[in-house]
Amino acid sequence: INRRYFRNRVAARITWGRRNGARRRSSMQFGSFSEEENLIRIHPALDKPFVPKYFLHSLVYHEMLHKHLGVRSHNGRRVVHPPEFRALERRFENYERVRRWEKANLNRLLHSS
C-alpha cells in the first residue's frame, strides 16, 4: 500500500487496537492514526476470517492518507477529511467494492467485537 500509493513516503507503524471485551455497539471506528505515536491502529474486531484483505487494506490506506496529508484547520476547526482527502480516498483500487462490503457487513462487524 505504501509503495503503490505513497512511493514509500509514509513511515508509520501499524498494529491492531486493544481488545476491550465484548460490547454491543451502534457505531465503530475501524481505524485511527496517532500523530504523536506515529501509529496506525486497526480495530481488533476486524481480525476475523470473514473480513476480506481488501477491506483491511482500504483501512490502512485511509489511515496512511491521514499521515500523508496531516490535519488541516479551517476557521479554527480541525478538518480531518477535507475534499482532497475524500478524492484521494476514492482512488483506492477497490473503493466501491469496499463500500459495498462495509454496508452489507456493518451489523456483523458491530456485533462481532
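**Group meeting: sheet, helix and aromatic rings**

Let's start with one residue pair: Phe33 has its bridge partner in β3, and that partner is Ile40. Keep in mind that this is a predicted model.

Now the strands around that bridge. β2 pairs with strand β3, residues 39–42, in the antiparallel sense. There are 4 bridges between β2 and β3. Next, the whole sheet. It is open, it has 3 strands, and the order is β1-β3-β2. The pairing is mixed. Which strands stand at the edges? β1, residues 13–16, and β2, residues 31–34. Each has a single partner strand, so one side of each lacks a neighbour in the sheet. From one strand to the next, the twist averages 20 degrees.

What lies across the strands? Helix α2, residues 53–69, lies across β1, β2 and β3. The helix runs at about 150 degrees to β3.

Helix α2 brings us to the rings. How many aromatic pairs does a search of the whole structure find? The count is 7. I'll take two of them.

Tyr5 with Tyr61. This pair is tilted, with 4.6 Å centre to centre and 50 degrees between the planes. Why does this pair tie together parts that are apart in sequence? Tyr5 sits in helix α1, residues 2–6, and Tyr61 sits in helix α2, so the pair joins parts 56 residues apart.

Are these two rings buried or exposed? Tyr5 has 23% relative accessibility and counts as partly exposed. The cut-off matters here: buried means under 20% relative accessible area. Tyr61 comes in at 3%, so Tyr61 counts as buried.

Second pair: Phe6 with Tyr61. Again tilted, at 5.6 Å centre to centre, with 35 degrees between the planes. This pair also links distant parts of the chain, with Phe6 in helix α1 and Tyr61 in helix α2, 55 residues apart. Phe6 is buried, at a relative accessible area of 2%.

Put the rings together. Which residues form one aromatic cluster? Tyr5, Phe6, Tyr61 and Phe92.

Last topic: arginines over rings. Arg97 lies over the face of Tyr54, 3.8 Å from the ring centre. Arg108 lies over the face of Phe50, at 3.6 Å from the ring centre.

To recap. The sheet order is β1-β3-β2, and helix α2 lies across those strands. Tyr61 in helix α2 pairs with Tyr5 and with Phe6. Those rings belong to one cluster with Phe92.

Terms used: Residues are numbered from 1 along each chain as its sequence is written. This is a predicted model: local features need pLDDT of at least 70, side-chain atom pairs count only at pLDDT 80 or more; totals for chains, interfaces and linings use all residues. Side-chain values use heavy atoms; hydrogens and water are left out. Two strands pair if DSSP finds at least two bridges between them. Helices (H or I, at least four residues) and strands (E, at least two) are DSSP runs, numbered from the N terminus. Axes are lines fitted to C-alpha atoms, for helices over the stretch in contact, and angles run from 0 to 180 degrees between N-to-C directions. Contact means heavy atoms within 4.5 Å. Rings of Phe, Tyr and Trp (its six-membered ring) pair if their centres lie within 6.5 Å; planes under 30 degrees apart count as stacked, over 60 as edge-to-face and the rest as tilted. Buried means under 20% relative accessible area, exposed over 50%, partly exposed in between (1.4 Å probe, protein chains only). A charge sits over a ring if NZ of Lys or CZ of Arg is within 6 Å of the ring centre and within 35 degrees of the ring normal.
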